[in-house]
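Welcome, and please have your viewer ready. We will go from one selection to the next and look at what is there.

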Amino acid sequence: MTGPEPERALIRRVSPFAVPAVVVAYVVGALFGGATAGWSAAIAIVIVYLNFVANALSIAWAASTSPTLVSIVALGGYVVRLIVYTIALVLLNQLSWFSPVAFALALVPAIVALLIYEAKALSGRMQADLWTFDGAPRR
């Protein structure tokens, strides 16, 4: 690949917003529901960010292997992300201080905002144009 992998570049572009987003989620949650709601909202943001990084790194790895694997990892990544969110919600709900409402109210907008940012950052380019594979003919 001649340029930086688009997934790793996207991680570098999103990462500076992670800590401020956690702080904002905590503050907003705490204002509306107390400290426990603030922590629940902050945890949601951390989970969204970590899922984003894991998914981007797995797609970057798949892109270095084969186009078929990119498709498998990309489609499977959506399912894995949903499973992780669900498991996190179920496990955290066992804690007496956890607020599932604050968690969900932070999780959903964070996912939507991240998807919009990803779409905007990658807009105008075909997904296939973002990767190169060893041995593939150049266009």
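**Aromatic pairs, then a helix**

Searching the whole structure turns up four aromatic pairs. Keep in mind as you look that this is a predicted model.

Start by selecting Phe17 and Tyr117: their rings form an edge-to-face pair, 6.2 Å centre to centre with 65° between the planes. Now show the backbone around them. Phe17 sits in the loop between helix 1 (6-14) and helix 2 (18-33), while Tyr117 belongs to helix 5 (residues 100-122), so this pair ties together parts that are 100 residues apart in sequence. Turn on the surface, if you like: Phe17 is exposed, at a relative accessible area of 52%, and Tyr117 is partly exposed, at 27% relative accessibility.

Next, select Trp97 and Phe98. Their ring centres are 6.4 Å apart and the planes meet at 75°, so this pair is edge-to-face. How do the two partners stand with respect to the surface, buried or exposed? Trp97 counts as partly exposed, with 35% relative accessibility, whereas Phe98 is buried, at 7%. Add Phe103 to the selection, and you have a cluster in which ring pairs link Trp97, Phe98 and Phe103.

For the last stop, go to helix 1 and pick out its buried residues: Pro6, Glu7, Leu10, Ile11 and Val14. Look down the axis: these residues cover an arc of only 145°, which puts them on the same side of helix 1. An α-helix has 3.6 residues a turn, so residues three or four places apart point the same way. What covers the buried residues of helix 1? Show helix 2, helix 3 (35-63) and helix 5, which are among the parts that cover them.

Conventions: Residues are numbered from 1 along each chain as its sequence is written. This is a predicted model: local features need pLDDT of at least 70, side-chain atom pairs count only at pLDDT 80 or more; totals for chains, interfaces and linings use all residues. Side-chain values use heavy atoms; hydrogens and water are left out. Rings of Phe, Tyr and Trp (its six-membered ring) pair if their centres lie within 6.5 Å; planes under 30 degrees apart count as stacked, over 60 as edge-to-face and the rest as tilted. Helices (H or I, at least four residues) and strands (E, at least two) are DSSP runs, numbered from the N terminus. Buried means under 20% relative accessible area, exposed over 50%, partly exposed in between (1.4 Å probe, protein chains only). The arc is that of the directions from the helix axis to the C-beta atoms. Contact means heavy atoms within 4.5 Å.
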